[in-house]
Amino acid sequence: MAPKVAIIYYSMYGHIKQLAEAEKKGVEQAGGTAKLFQIPETLPEEVLSKMHAPPKPTDVEVLHDPSVLEEYDAFLFGIPTRYGNFPAQWKTFWDKTGKQWSTGGFWGKYAGLFVATGTQGGGQESTAIAAMSTLAHHGFVYVPLGYKYTFDLLSDLSEIRGGSAWGAGTFSAGDGSRQPSAKELDLAQRQGKTFYETVSKVNFA
Ligand SMILES: Cc1cc2nc3c(=O)[nH]c(=O)nc-3n(C[C@H](O)[C@H](O)[C@H](O)COP(=O)(O)O)c2cc1C
């Protein structure tokens, strides 16, 4: 059976959402389909407006109940950095997954990830590494992006570019004004494609 893929993200200013859409395109390019979900917001409106956060999209399902994910085989997680780590919105979501943790609801499922930071050196790799602990405790099988299909992009130093062997990435700048570049979107699309090709080798009976 073809793997059932979900792309789950949190995005305050839309950068991670753009990468999520490029990841989805990549999955589709490889002949698959992927369902987009967004992680619920946890901050009050008053705080969000002080942070100049735009309204969340209404056309992407908000994932309140983590058990919905038990029906899926493979996941791409979109994580915008907070202090080189998950944002609290993502942490709150994971803190609702005690049932899956204790019963193995996600055990043996596949996961890749992509990130956004404001700055270079702001935690693209540390965010990915921090996520490993959660993946390990749930028993997810981590699928890295690696260099095989990305060496040209990852070794191209001609312009600023987010992403690494751990997963696609973008830089938003301190004020959120920088948008994902063509190369960052290309990297995200390649990740979606190669992730799907990788998980398609597994027999999901
Ligand atoms: C509270 C807070 C902490 C942040 N911490 C970092 C950080 O440690 N390093 C960094 O480069 N950017 C940091 N940022 C910037 C975010 O990572 C950036 O806004 C986000 O990746 C943009 O993605 P989005 O548009 O999908 O929300 C922080 C932003 C906020 C609001």
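Me: Which residues are linked with Asp 152 in a network of salt bridges?
Reply: Keep in mind that we're looking at a predicted model here. A network of salt bridges ties three residues together, and Asp 152 is one of them. Its other members are Asp 186 and Arg 190.

Me: How far apart are the closest N and O atoms of Asp 152 and Arg 190?
Reply: These two form a salt bridge. The pair links distant parts of the chain, with Asp 152 in helix α6 and Arg 190 in helix α7, 38 residues apart. Even so, their closest N and O atoms are separated by just 2.7 Å.

Me: Is Asp 152 buried, partly exposed or exposed?
Reply: Buried would need a relative accessible area under 20%, and exposed would need over 50%. Asp 152 has 47%, so the label it gets is partly exposed.

Me: What span should helix α7 have, at 1.5 Å a residue?
Reply: Helix α7 covers residues 182-199, which makes 18 residues. The end C-alpha atoms are 26 Å apart, and that agrees with the expected span. So the answer is 26 Å.

Me: Which residues of α7 are buried?
Reply: Let's start with what covers them: β1, α1, β4, β5, α6 and β7 are included. The buried residues themselves are Glu 184, Leu 187, Ala 188, Gln 191, Gly 192, Thr 194, Phe 195, Tyr 196 and Val 199.

Me: How many salt bridges does the count come to?
Reply: The Asp 152 and Arg 190 pair is a salt bridge, and Glu 21 with Lys 17 is a salt bridge too. The full count comes to 14.

Me: Where do Glu 21 and Lys 17 both lie?
Reply: This pair forms a salt bridge, with the closest N and O atoms 2.5 Å apart. An α-helix has 3.6 residues a turn, so residues three or four places apart point the same way. Glu 21 and Lys 17 are four residues apart, about one turn, and both sit in helix α1.

Me: Which is buried and which is partly exposed, Glu 21 or Lys 17?
Reply: Glu 21 has 35% relative accessibility, so it counts as partly exposed. Lys 17 has 17%, which is under the 20% cut-off. The buried one is therefore Lys 17.

Me: With which residue does Glu 41 form a salt bridge?
Reply: The closest N and O atoms of this pair are 2.7 Å apart, and the partner of Glu 41 is Lys 56. The pair links distant parts of the chain: Glu 41 is in the loop between β2 and α2, and 15 residues away, in the loop between α2 and β3, is Lys 56.

Me: Which residues form a nonpolar patch on the surface?
Reply: Together they have about 290 Å² of accessible area. One of them, Met 51, is in the loop between α2 and β3, and its relative accessible area of 33% makes it partly exposed. The patch is formed by Tyr 13, Leu 43, Val 47 and Met 51.

Me: What is the phi of His 52?
Reply: Most residues other than glycine have a negative phi. His 52, in the loop between α2 and β3, is not a glycine, yet its phi is positive, at about 60 degrees.

Me: What relative accessible area does Tyr 83 have?
Reply: Tyr 83 isn't a glycine either, and its phi is positive, about 55 degrees. The residue is in the loop between β4 and α3. Tyr 83 counts as exposed because its relative accessible area is 85%.

Notes. Residues are numbered from 1 along each chain as its sequence is written. This is a predicted model: local features need pLDDT of at least 70, side-chain atom pairs count only at pLDDT 80 or more; totals for chains, interfaces and linings use all residues. Side-chain values use heavy atoms; hydrogens and water are left out. Helices (H or I, at least four residues) and strands (E, at least two) are DSSP runs, numbered from the N terminus. The expected span of a helix is 1.5 Å times one less than its number of residues. Buried means under 20% relative accessible area, exposed over 50%, partly exposed in between (1.4 Å probe, protein chains only). Contact means heavy atoms within 4.5 Å. Patches are made of residues with over 30% relative accessible area and no salt bridge: like charges are joined within 9 Å, nonpolar side chains (Val, Leu, Ile, Met, Phe, Trp, Tyr) within 5 Å. Accessible areas come from the Shrake-Rupley method with a 1.4 Å probe; for residues, only the protein chains shown count as cover. A salt bridge is a side-chain nitrogen of Lys or Arg within 4 Å of a carboxyl oxygen of Asp or Glu.
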